[in-house]
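Please look through the sequence and the 3D structure below, and then read the briefing that follows, which is grouped by topic.

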Amino acid sequence: MKEVFNTAQAPAPIGPYNQAIKAGPFLFVSGQIALVPATGELVTHEIEAETRQVMENIKAVLTHAGLGFGDIVKTTIFLRTMDDFSRVNSIYGEYFESDYPARETVAVAGLPRNVNVEISVTAYFG
């Protein structure tokens, strides 16, 4: 059995998907980009601001599901260029206190809306 999670506090899906799906004890959060939920504005003027908006969007979905960053067990970071790795990593790291999740970071040829970073997460209802 699965449960759909969508919140107005995060950007609405821009395709045929949901913000998150709960399956068993896991919450699978779709990749988030730096769309501001209230305005639909895309934050791309600097990679740190873009990453922070992505993380805030993830936070909104997690909060809606009753979870937090400490419940994340796996993340995937998609970057347009690995040149941004250290700056993205710095902002990403601010959202975790300890027991960091498993993660991979990959460079890709392109991302939705021509953004520089997209992050998806899997969290655990423990």
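N114 is exposed, with a relative accessible area of 53%, where exposed means over 50%, buried under 20%, and partly exposed in between, using a 1.4 Å probe and protein chains only. This is a predicted model, in which local features need pLDDT of at least 70 and side-chain atom pairs count only at pLDDT 80 or more, while totals for chains, interfaces and linings use all residues. Residues are numbered from 1 along each chain as its sequence is written, and side-chain values use heavy atoms, with hydrogens and water left out.

**Loop residues with positive phi**

- N114 is found in the loop between β5 and β6, and it has a positive phi of about 60° although it is not a glycine; the helices (H or I, at least four residues) and strands (E, at least two) named here are DSSP runs, numbered from the N terminus.
- D99 lies in the loop between α2 and β5, where its phi is near 45°, a positive value in a residue other than glycine.
- At 71% relative accessibility, D99 counts as exposed.
- G66, just after α1, takes a positive phi of about 80°.

**The sheet**

- An open sheet of 6 strands has the order β1-β2-β3-β6-β4-β5, with mixed pairing, where two strands pair if DSSP finds at least two bridges between them.
- The edge strands are β1 (2-5) and β5 (102-107), each of which pairs on one side only.
- β4 and β6 run antiparallel and are joined by 7 bridges, and T76 stands opposite S120 in β6.
- T105 has its place in strand β5, and its C-alpha atom is separated by 5.9 Å from that of F78, although the two residues are 27 residues apart along the chain.
- Leaving aside neighbours within four places in sequence, T105 is in contact (heavy atoms within 4.5 Å) with I77, L79, M82 and F85.
- The side chains of T105 and R103 are joined by a polar contact of 3.3 Å, a term for a pair of N or O atoms within 3.5 Å; within protein, one must be able to donate a hydrogen and the other to accept it, and residues adjacent in sequence count only if both atoms are side-chain atoms.

**Helix α1**

- At 1.5 Å a residue, the 18 residues of α1 should span 26 Å, and its end C-alpha atoms are 26 Å apart, which agrees; the expected span is 1.5 Å times one less than the number of residues.
- The buried residues of α1 pack against β2 (20-23), β3, β4, α2 and β6.
- Q53 lies in helix α1 and is buried, with a relative accessible area of 17%.
- The side chain of Q53 makes a polar contact with the side chain of N57 (2.9 Å), and, not counting residues up to four places away in sequence, Q53 touches A34, L35, V36, P37 and V43.

**The nonpolar core**

- In soluble globular proteins, nonpolar side chains tend to be buried together.
- The largest nonpolar core, meaning a set of buried Ala, Val, Leu, Ile, Met, Phe, Trp, Tyr and Cys residues joined through side-chain atoms within 4.5 Å, has 31 residues, of which L27, M55, I58, L62, F69, V117 and I119 touch the most other members.
- β3 (26-32), α1 (47-64), β4 (72-79), α2 (85-93) and β6 (117-124) each supply at least two residues of this core, and the largest share, 8 residues, comes from α1.
- Leaving aside its neighbours within four places in sequence, I58 is in contact with Q32, F69, I119 and V121.
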